[in-house]
Amino acid sequence: MKCCTCLFLFVTFLKVVFLHAFNCCVVSAADGQADKQVGLRDLSEPLIDHSEGQLFLSETFKIIVEEVLCKGTDVTQKVCDWKEPEELAWLLDLELRATGEPQHKLLERVKDVAKYSIKTSHPRFFNQLYGGVDYHSLAGRFLTEALNTNLFTYEVAPVFVLMENEVLRGLRQLVGWTEGDGIFCPGGSTSNMFAMNLARYQLFPEVKSRGLWGLPRLTVFTSSESHYSVKKGAAYLGIGTDNVIVVKVDDGGRMIPKDLDEKIMLAKSQGTVPFLVSCTAGTTVQGAFDPLDHIADVCEKHKLWMHVDAAWGGSVLFSKQHRHLMKGVDRANSVGWNPHKMLVAGLQCSALLLQDTTNLLRRCHSASASYLFQQDKFYDVNLDVGDKSVQCSRKVDCLKLWLMWKAVGSAGLEERVDKAFIHVRCFIFVNIAYREKESIYHQIQSNIVAPVIKERMMKQGTMMVGYQPLGNKVNFFRVIAFSPLLSKKDMDFFLDEIERLGNDL
């Protein structure tokens, strides 16, 4: 009886609060009777017209299919329709105004956005470590956006909590772990930063409450070819970029374990506390794989956390032929892996995998917000995964990978990896042949040539490829060849087009 009385009083209280809020909204909405009627109408009817909105969405999808998925993957179409910034801003009419526009005008906007955007699914988009399209993954991305789910508690994301756990388990198995933990992160840089934070917390758990005060000088070790996010992470976490010790690499861009060992001993002799070694499996420029087994020996010797940034190269673990490149990865403490790169899962899809089984991820990052993570829920509260992340709002990034993996299986993903390696080998062979024929490659002696060729290809829209220097060598083109849409004809076109664009230089 007492509970019923309390419930009655609580409901009555809610009614009073609602009516008060309602009256305030109506009164403040207008000064006259007409405005009051508008206010009442707005509260009694939805502001969204579903039939009109769904028609707009249907027409938008037609544009996406035609402009992005048909023209955007057709080799006879341009990779980009280049415009200078001022002209592009005028064409898009970017200004936001007080009044809205009619549907037909909005559809023109959609078409313009598609037209003037870079076609990253185009077979001749060699520019970045992402590209191509997988239609099952794309369907997962559409569904993710439509559902608009926040992946932090089981009550609001039951499907995706279970799905994320299963996908992470599958990825961990490929690493070689039967147990562990993990979470999807907003990009590989965040995965690397999380790993750094976890390594520090494991060594000095008091840092979570007391901060940097009282901590010794900490040092991180990574190769000269590692991703810049290692230094960014050190800066963000208060460790400092000066405390990121750069380890030498060999001619292939791989970390030298002997130099790592020597630098760790030197750092200790100088009074610092080494705590993390960040290796790379697939460096950004040369695609090099650090010798993980030998680095693991050094980490075990000095009792350091070993993190593997496998954002680019992690997908070789699907391949029986190429997984040897990551021999020793099972000895790491953490692995960052971006399936949106070599597997073409679509941006963004970045997993941080941990060998830890002590709930370190949650202990390090949790804030135990009582309005989200109540401990007296009617289900297993361990399914509320949100406290493992520093984010509150967290997008669903597992569905795109799960649906693609379901569609083609591990065997299909293995085929993609193997095909990418075949393309690279063929490209190297043909490139050597071109050099022997005194092609334009043999004549490149200046850093000016690559930027000029890049400008010409962009303005003509024939293809896209990035360039950069390497050490004391001149600029070179960094060709990214992994899209499942890629064929030998596209690789041949790349070489012919570079020669055509630079034949007068």
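Let me begin with one residue, Asn127, which touches Lys454, Met464, Val465, Gly466, Arg478 and Ile480 when residues up to four places away in sequence are not counted, where contact means heavy atoms within 4.5 Å. Before going on, I should say that this is a predicted model, in which local features need pLDDT of at least 70 and side-chain atom pairs count only at pLDDT 80 or more, while totals for chains, interfaces and linings use all residues. Residues are numbered from 1 along each chain as its sequence is written, and side-chain values use heavy atoms, with hydrogens and water left out.

Where does Asn127 sit? Asn127 is found in the loop between β1 (125-126) and α6 (135-147); here helices (H or I, at least four residues) and strands (E, at least two) are DSSP runs, numbered from the N terminus. Asn127 counts as buried, at 8% relative accessibility, and the terms are that buried means under 20% relative accessible area, exposed over 50%, and partly exposed in between, with a 1.4 Å probe and protein chains only. A polar atom of the Asn127 side chain lies 3.2 Å from the backbone nitrogen of Gly466.

The strands around this residue come next. In general, strands of a sheet pair through backbone hydrogen bonds, either parallel or antiparallel, and two strands are said to pair if DSSP finds at least two bridges between them. β1 pairs with strand β9 (residues 464-470) in the parallel sense over two bridges, and Phe126 has Val465 in β9 as its bridge partner. Strand β9 in turn pairs with β10 (residues 473-478) in the antiparallel sense over four bridges, with Arg478 in β10 as the bridge partner of Gly466. β9 and β10 form a hairpin with two residues between them, and Gly471 in the turn has a positive phi of about 60°.

Let me turn to another sheet, which is open and is formed by seven strands in the order β2-β8-β7-β6-β5-β3-β4, with mixed pairing. Which strands lie at its edges? The edge strands are β2 (181-185) and β4 (244-247), each of which pairs on one side only. From one strand to the next, the twist averages 20°; axes are lines fitted to C-alpha atoms, for helices over the stretch in contact, and angles run from 0 to 180 degrees between N-to-C directions. At one edge, β2 pairs with strand β8 (residues 350-354) in the antiparallel sense over five bridges, and Asp181 stands opposite Leu354 in β8. Helix α7 (residues 158-175) packs on the sheet, touching β2, β7 (334-337) and β8, and its direction makes about 65° with that of β8.

Now to charged side chains. Side chains of opposite charge can pair when their charged atoms come close. The structure holds 32 salt bridges, a salt bridge being a side-chain nitrogen of Lys or Arg within 4 Å of a carboxyl oxygen of Asp or Glu. One of them joins Asp93 and Arg109, whose closest N and O atoms are 2.8 Å apart. Asp93 lies in the loop between α4 (85-92) and α5 (103-116) and Arg109 in helix α5, so this pair ties together parts that are 16 residues apart in sequence. Asp93 counts as partly exposed, at 27% relative accessibility, whereas Arg109 is buried, at 17%.

Helix α11 (residues 257-269) offers a pair within one helix, for Lys258 and Glu262 both lie there, four residues apart, which is about one turn. Their closest N and O atoms are 2.6 Å apart in the salt bridge, and Lys258 is exposed, with a relative accessible area of 60%, while Glu262 is partly exposed, with 38%. Lys263 and Asp259, also four residues apart in helix α11, form a salt bridge with the closest N and O atoms 2.8 Å apart. Asp259 is buried, with a relative accessible area of 8%.

I will finish with Leu107, whose place is in helix α5 and which counts as buried at 19% relative accessibility. Leaving aside neighbours within four places in sequence, Leu107 is in contact with Phe56, Glu59, Thr60 and Ile63. The C-alpha atoms of Leu107 and Glu59 are separated by 7.5 Å, although these residues are 48 residues apart along the chain.

Key. Polar contact = N/O pair within 3.5 Å; in protein donor to acceptor, adjacent residues only side chain to side chain.
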